[in-house]
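User: I have a structure to go through with you. Could we discuss it step by step?

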Amino acid sequence: VQLQASGGGLVQAGGSLRLSCSASGNIFSNNVMGWYRQVPGQQRELVASITSGGRTNYADSVKGRFTVSRDNAKSTVILQMNSLKPEDTAVYYCNYGSYSYTSWGQGTLVTVSS
């Protein structure tokens, strides 16, 4: 499965950004798609994920500010990020997982200025 992410960029604190990720290839009907982020020197962490059935999971740090959604027909996952904080600055990676298989997108930089 190949993942193509878009969105990201520079925004002031309190602003919003939208990340989009499209999957292509041999996509299984039962899967989980989501977003992780990584700051240099730190481990990659889960931001939000959503199953093909619509069940969502969020990091505590983004609950109430970020919303993950998906369009199964288009194999696309969206991360709407509102009320951004400087600590949200990171490289965001799209992820696809199904059974024991996982795939990563190329990463997109989100920078939140104070």
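Analyst: The discussion below covers the disulfide, the nonpolar core and strand pairing. This is a predicted model, in which local features need pLDDT of at least 70, side-chain atom pairs count only at pLDDT 80 or more, and totals for chains, interfaces and linings use all residues. Residues are numbered from 1 along each chain as its sequence is written, and side-chain values use heavy atoms, with hydrogens and water left out.

User: How many disulfides does the structure hold?

Analyst: There is one disulfide, meaning a pair of cysteine sulfur atoms within 2.5 Å. Cys21 is joined to Cys94, with S to S at 2.0 Å. Cys21 lies in strand 3 and Cys94 in strand 9, 73 residues apart; strands are DSSP runs of E, at least two residues long, numbered from the N terminus.

User: Which hand does it have?

Analyst: The disulfide is left-handed, because the torsion about the S-S bond is about -85°.

User: And Cys21, buried or exposed?

Analyst: Cys21 is buried, at 0% relative accessible area, where buried means under 20% and exposed over 50%, with partly exposed in between (1.4 Å probe, protein chains only).

User: New topic: what is Leu79 in contact with?

Analyst: Beyond neighbours within four places in sequence, its contacts (heavy atoms within 4.5 Å) include Trp35, Phe66 and Tyr92.

User: Which strands does strand 11 pair with?

Analyst: Pairing requires at least two DSSP bridges between two strands. Strand 2 pairs with strand 11 in the parallel sense over four bridges, and strand 9 in the antiparallel sense over three.
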